[in-house]
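Let's take a walk through this structure together, beginning with its charged side chains and then stepping back to the fold around them.

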Amino acid sequence: MTFEKHLARLEKIAAELEGDVELARALTLFEEGIEHLRAASEELAQAEARVGKLVERADGTFNVVEPREPT
């Protein structure tokens with residue numbers, strides 16, 4: 001599943017949870033949401049790492065750098 005599909009499903013889950021939902025259904029949706037959130041976060045981290053490896057210099061050439069740890 002793509003990052004965009006994970007986000008779309010998370011939006012649908014959130015919308016459903018905002019309504020009147022039975023507890024069992026809410027827990028099922030919450031569990032599914034956590035799975036989509038983790039998958040989307042992993043895809044985002046991988047994309048950030050790939051982007052972080054390339055830094056354009058002022059002269060138009062590229063320099064490969066390691067991504068920094070978040071602070």
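This is a predicted model, and a good place to start is with its 2 salt bridges. In one of them, the side chains of arginine 9 and glutamate 32 meet, with 2.7 Å from N to O. That pair links distant parts of the chain: arginine 9 sits in helix α1 and glutamate 32 in helix α2, 23 residues apart. Side chains of opposite charge can pair when their charged atoms come close.

How buried or exposed are these two partners? Arginine 9 has 23% relative accessibility, so it counts as partly exposed. Glutamate 32 is partly exposed too, with a relative accessible area of 23%.

The other salt bridge joins the side chains of arginine 25 and glutamate 16, at 2.9 Å from N to O. Here arginine 25 is partly exposed at a relative accessible area of 35%, and glutamate 16 is partly exposed at 31%.

Now follow helix α2 itself. It spans residues 23–52, 30 residues in total, and reaches 42 Å from its first C-alpha to its last, close to the 44 Å expected. Its buried residues are Ala26, Leu29, Gly33, His36 and Ala40, and what covers them includes α1 (3–18).

Stepping back, the protein has 2 helices and 2 strands, which run α-α-β-β from the N terminus on. Of its 71 residues, 11% are buried. The protein exposes about 6,100 Å², with carbon and sulfur atoms supplying 56% of that area. Finally, look at the contacts between residues at least 6 apart in sequence: 32% of these join residues at least 24 apart.

Notes:
Residues are numbered from 1 along each chain as its sequence is written. This is a predicted model: local features need pLDDT of at least 70, side-chain atom pairs count only at pLDDT 80 or more; totals for chains, interfaces and linings use all residues. Side-chain values use heavy atoms; hydrogens and water are left out. Helices (H or I, at least four residues) and strands (E, at least two) are DSSP runs, numbered from the N terminus. The expected span of a helix is 1.5 Å times one less than its number of residues. Buried means under 20% relative accessible area, exposed over 50%, partly exposed in between (1.4 Å probe, protein chains only). Contact means heavy atoms within 4.5 Å. Accessible areas come from the Shrake-Rupley method with a 1.4 Å probe; for residues, only the protein chains shown count as cover. A salt bridge is a side-chain nitrogen of Lys or Arg within 4 Å of a carboxyl oxygen of Asp or Glu.
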